[in-house]
Structure formats: structure tokens, C-alpha cells
Amino acid sequence: MDWQILLYIAAIVAAIGFLVLCIALAMTLNSLKNTLKEVSGTVAGLENQLQGVTLETTNLLHKTNELAEDIQVKSEKLNGVVDAVKGVGNSVTDLNSTVRRITSSVGVHVEQNEDKIAQVVQWGNVAMGIRDKWNERKIYEARANAASVPVPGQKKLPHNEQY
């Protein structure tokens with residue numbers, strides 16, 4: 001019977017140990033349940049925030065696409081302006097080369113006709129001198145004629161031909 005008592009005592013100790021184990025396991029599971037509730041709440045909050053971030057990201061992506069299209073359109077317009085400026089640059093270059101060619105041609109002709117040009121300048125000076133003398137004579141004659149007009153009521157002096 002000693003064995004039986006020991007067996008009962010061992011069964012009671014095992015039952016008490018099992019009970020303690022069950023109570024400890026229940027407490028651990030209860031603590032784990034509270035922790036999982038908190039994690040679940042945190043995950044739900046993160047999910048809401050993530051939806052907000054997703055919405056903002058979608059709006060930002062749409063705006064980025066619109067900006068990219070606008071930049072593309074403006075870039076195409078700018079290409080036309082660049083081509084026009086390039087054309088103006090080419091025209092200016094052509095004009096410069098034409099002016100250089102004409103200038104060198106005029107220089108060559110001036111050198112070839114230097115004597116004739118000098119004669120034309122001399123004849124021009126002579127013609128201008130004659131014109132100046134002619135104008136001076138007309139002015140002198142106009143003054144002389146204007147001086148001989150009598151004022152009403154004034155007597156005329158005798159004319160002397162010596163001068």
C-alpha cells in the first residue's frame with residue numbers, strides 16, 4: 001500500500017503541477033491576447049494612415065504626369081524657337097559674308113579708279129566753288145536792288161557811276 005499512497009501523492013502532485021501549468025498558460029495566453037489586441041489596433045491605425053498616404057501618392061502621381069505633359073509641350077514649342085533663332089543666326093552669317101564680299105569689291109574698284117575719283121573730287125570742289133560764287137553774286141545783287149527801293153516821301157540821291 002505504500003506504493004499506492006505514493007502513487008496517489010504523485011498523482012495529486014502531478015494534478016497540482018498540471019493545474020499550475022494550466023493557470024500559468026491561461027495567464028500567458030490572456031496577456032498575449034491583450035498584446036495582440038493592441039497590435040491589431042496599431043495595424044488598423046497604420047492601415048488608415050497608409051490609405052491616406054496612398055491617396056496623396058496617387059494625387060502626386062497625377063500632378064507629376066500633368067507636369068511632364070506640360071513640360072513636353074513647352075519643350076516642343078521651345079524647339080521651334082530654337083530653330084527660328086538658328087535660322088536668324090544663319091541669315092546674319094550670310095549677310096555678314098555678303099557685306100564682306102561687297103566691301104572688298106568696292107575696295108578693289110576704288111583702288112582701280114583712284115585717279116578718276118581724285119579728278120571727280122577736284123571737279124566737284126571746283127563746281128562747289130562756282131556755285132558759292134554764284135550765290136554770293138545773287139545775294140549781292142539782291143541787296144543792291146533792295147537798297148535802291150525808295151521809301152515813300154524820301155528823295156532820291158543822284159547816282160554816281162564811279163563806284
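Helices here are DSSP runs of H or I at least four residues long, numbered from the N terminus. The exercises below concern a predicted model.

**Exercise 1.** State how many helices and strands the protein chain has, and what share of its residues is buried.

*Solution.* Begin with the secondary structure: the protein chain has two helices and zero strands. Next comes burial, for which a residue must have under 20% relative accessible area. Of the 163 residues in the protein chain, buried ones make up 0%. Finally, take the surface: the chain exposes about 15500 Å², and 65% of that area is supplied by carbon and sulfur atoms.

**Exercise 2.** Find the residues that UniProt lists as "transmembrane region", and describe the chain there.

*Solution.* The UniProt record, an unreviewed entry, gives residues 6-27 for this feature. In the model, this stretch is 100% helix and 0% strand. The C-alpha atoms at the ends of residues 6-27 lie 31 Å apart.

**Exercise 3.** Which residue forms a salt bridge with Lys74, and how are the two placed in helix 1?

*Solution.* The partner is Asp70, with 3.3 Å between the closest N and O atoms. This falls within the 4 Å cut-off for a salt bridge. Both residues belong to helix 1, which covers residues 2-112. Because Lys74 and Asp70 are four residues apart in that helix, about one helical turn separates them. As for exposure, Lys74 has a relative accessible area of 52% and is therefore exposed. Asp70, at 34%, counts as partly exposed.

**Exercise 4.** Work out how Arg137 and Glu141 are placed in helix 2, and give the N to O distance of their salt bridge.

*Solution.* Helix 2 spans residues 114-147. Arg137 and Glu141 are four residues apart in helix 2, so they are separated by about one helical turn. Their side chains meet in a salt bridge at 3.3 Å, N to O. Side chains of opposite charge can pair when their charged atoms come close. Arg137 is exposed, its relative accessible area being 51%, while Glu141 is partly exposed at 37%.

**Exercise 5.** How many salt bridges does the structure hold, and which residue pairs with Arg131?

*Solution.* The structure holds three salt bridges. One of them joins Arg131 to Asp132, with the closest N and O atoms 3.3 Å apart. To classify the two residues, recall that partly exposed lies between under 20% and over 50% relative accessible area. Arg131 has 47%, so this residue is partly exposed. Asp132 has 37% and is likewise partly exposed.

Key:
Residues numbered from 1 in each chain as written. Predicted model: local features only at pLDDT ≥ 70, side-chain atom pairs only at ≥ 80, totals over all residues. Heavy atoms only, no water. Buried < 20%, exposed > 50% of the residue type's maximum accessible area, 1.4 Å probe, protein only. Areas by Shrake-Rupley, 256 points an atom, 1.4 Å probe, with all protein chains shown as cover. UniProt positions renumbered as here; feature names shortened; annotations may be inferred.
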